[in-house]
Amino acid sequence: ATFVETEEPAPAMPFTDVDENDWFYDEVVYVYENGLMNGVENNQFAPNTATNRAMLATILYRLAGEPAVSGDLPFTDVESGTWYTDAVLWAAQNGIVNGLGENTFAPMNTLTREQLVTMLYRYAEAEGYDVSAAADLSGYPDADKVQTYAQEAMSWAVGAGLLQGRDGGLLAPAGQSTRAELATILSRYLALEG
């Protein structure tokens, strides 16, 4: 008998709105195959749709293996029994998320780029990963727009190659994170921790 080496078939892309020529194709395949992100509806990934704070908390909770949680929710706007309740409780208990004031989490608020890197930074720190990478942000024309709470995380994300400038080299810290961007940053992060 002889064995012939064959190429692995390309993964089946379940999303009708993601094409192999899209800049985010490989990243979407990666997060989908690793159970971190699913589609939205009608076999769509909605790559250009904004993500929200509950979504990222849920993804990080999945990354952590969905540990059992108990205790009281620290946020008045997170109800028990939702798809993100356990994730937000876990993230709050592990210092990954803080509220937005007055005991609120604002789970459906659009996730900004600085919130995304801050939550990811805190997750990496809580998991004991190396977060020592740092970049000088002063070369970015909008570096002064990064809020104080996010400066260290933004420096780490740029220094580690997770986040790159957009729209002509801007950090766009208050800009919304699309699902394609989130998939890309997550896949870059997981490649680092590999």
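**Exercise 1. The surroundings of T51**

Task: Decide whether T51 is buried or exposed, and then find which residues T51 touches beyond its neighbours up to four places away in sequence.

Solution: In this predicted model, T51 has a relative accessible area of 2%, and because buried means under 20%, T51 is buried. The next step is to place the residue along the chain, and T51 turns out to sit in the loop between α1 and α2. Once residues up to four places away in sequence are set aside, T51 touches N109, T110, L111, S177, T178, R179 and L182. One of these residues, S177, also takes part in a polar contact, since its backbone oxygen lies 2.9 Å from a polar atom of the T51 side chain.

**Exercise 2. Two positive phi values in one loop**

Task: Compare N43 and A46 by stating where each one lies, what its phi is, and whether it is buried or exposed.

Solution: Begin with the location, which is the loop between α1 and α2 for N43 and likewise for A46. The backbone angle comes next: phi is near 55° for N43 and near 60° for A46, a positive value in a residue other than glycine. These angles deserve attention because most residues other than glycine have a negative phi. The last step is accessibility, where N43, with a relative accessible area of 54%, is exposed, whereas A46, with 12%, is buried.

**Exercise 3. The enclosure of helix α2**

Task: Work out how many of the residues of α2 are buried, and which helices are included in what covers them.

Solution: Helix α2 runs over residues 53-63, and a polar contact is found at its start, where a side-chain oxygen of N52 reaches to within 3.2 Å of the backbone nitrogen of A54. Going through the helix, one finds that R53, A54, M55, L56, A57, T58, I59, L60 and Y61 are buried. That makes 9 of the 11 residues, so α2 is largely enclosed by the rest of the structure. The cover over these buried residues includes α3 (85-93), α4 (113-126) and α6 (179-193). Just after the helix, G65 takes a positive phi of about 90°.

**Exercise 4. The largest pocket**

Task: Identify which residues line the largest pocket, and state which helix gives the most to that lining.

Solution: The volume of the largest pocket is about 180 Å³. Its lining is made up of L36, M37, N38, G39, V40, M55, T58, I59, R62, W83 and R179. Sorted by class, these lining residues are 6 nonpolar, 3 polar and 2 charged. Helix α2 gives the most to the lining, with 4 residues.

**Exercise 5. The largest nonpolar core**

Task: Find which members of the largest nonpolar core touch the most other members, and follow one of them, I96, to its contacts.

Solution: The largest nonpolar core holds 55 residues, of which M37, L60, I96, M119, W156, L162 and Y189 touch the most other members. The elements that give two or more residues to this core are α1, α2, α3, α4, α5 (151-159) and α6. For I96, leaving aside neighbours within four places in sequence, the contacts are L60, W90, A91, M119, R122 and Y123. As background, nonpolar side chains in soluble globular proteins tend to be buried together.

**Exercise 6. Helices α4 and α5**

Task: Describe the contacts of Q115 and of Y121, and then state which helices the buried residues of α5 pack against.

Solution: Q115 lies in helix α4, and at 13% relative accessibility it counts as buried. Beyond its neighbours within four places in sequence, Q115 is in contact with R53, L100, T110 and Y149. Y121 is also found in α4 and is buried, with a relative accessible area of 8%. Not counting residues up to four places away in sequence, Y121 touches V131, E152, A153 and W156. The C-alpha atoms of Y121 and V131 are separated by 7.1 Å, although the two residues are 10 residues apart along the chain.

Turning to α5, the buried residues are A153, M154, S155, W156, A157 and V158, and they pack against α4 and α6. This helix is followed by G161, whose phi is positive, near 80°.

Note on methods:
Residues are numbered from 1 along each chain as its sequence is written. This is a predicted model: local features need pLDDT of at least 70, side-chain atom pairs count only at pLDDT 80 or more; totals for chains, interfaces and linings use all residues. Side-chain values use heavy atoms; hydrogens and water are left out. On a 1 Å grid over the protein atoms alone, a cavity is a set of points where a 1.4 Å probe fits but cannot get out, and a pocket is an open set with protein on both sides within 12 Å along at least five of seven lines; lining residues have an atom within 4 Å of a point. Grid points are joined across faces, edges and corners, and a volume is the space filled by probe spheres set on the points. Ala, Val, Leu, Ile, Met, Phe, Trp, Tyr, Cys and Pro count as nonpolar, Asp, Glu, Lys and Arg as charged, and the others, Gly among them, as polar. Buried means under 20% relative accessible area, exposed over 50%, partly exposed in between (1.4 Å probe, protein chains only). Contact means heavy atoms within 4.5 Å. A polar contact is a pair of N or O atoms within 3.5 Å; within protein, one must be able to donate a hydrogen and the other to accept it, and residues adjacent in sequence count only if both atoms are side-chain atoms. A nonpolar core is a set of buried Ala, Val, Leu, Ile, Met, Phe, Trp, Tyr and Cys residues joined through side-chain atoms within 4.5 Å.
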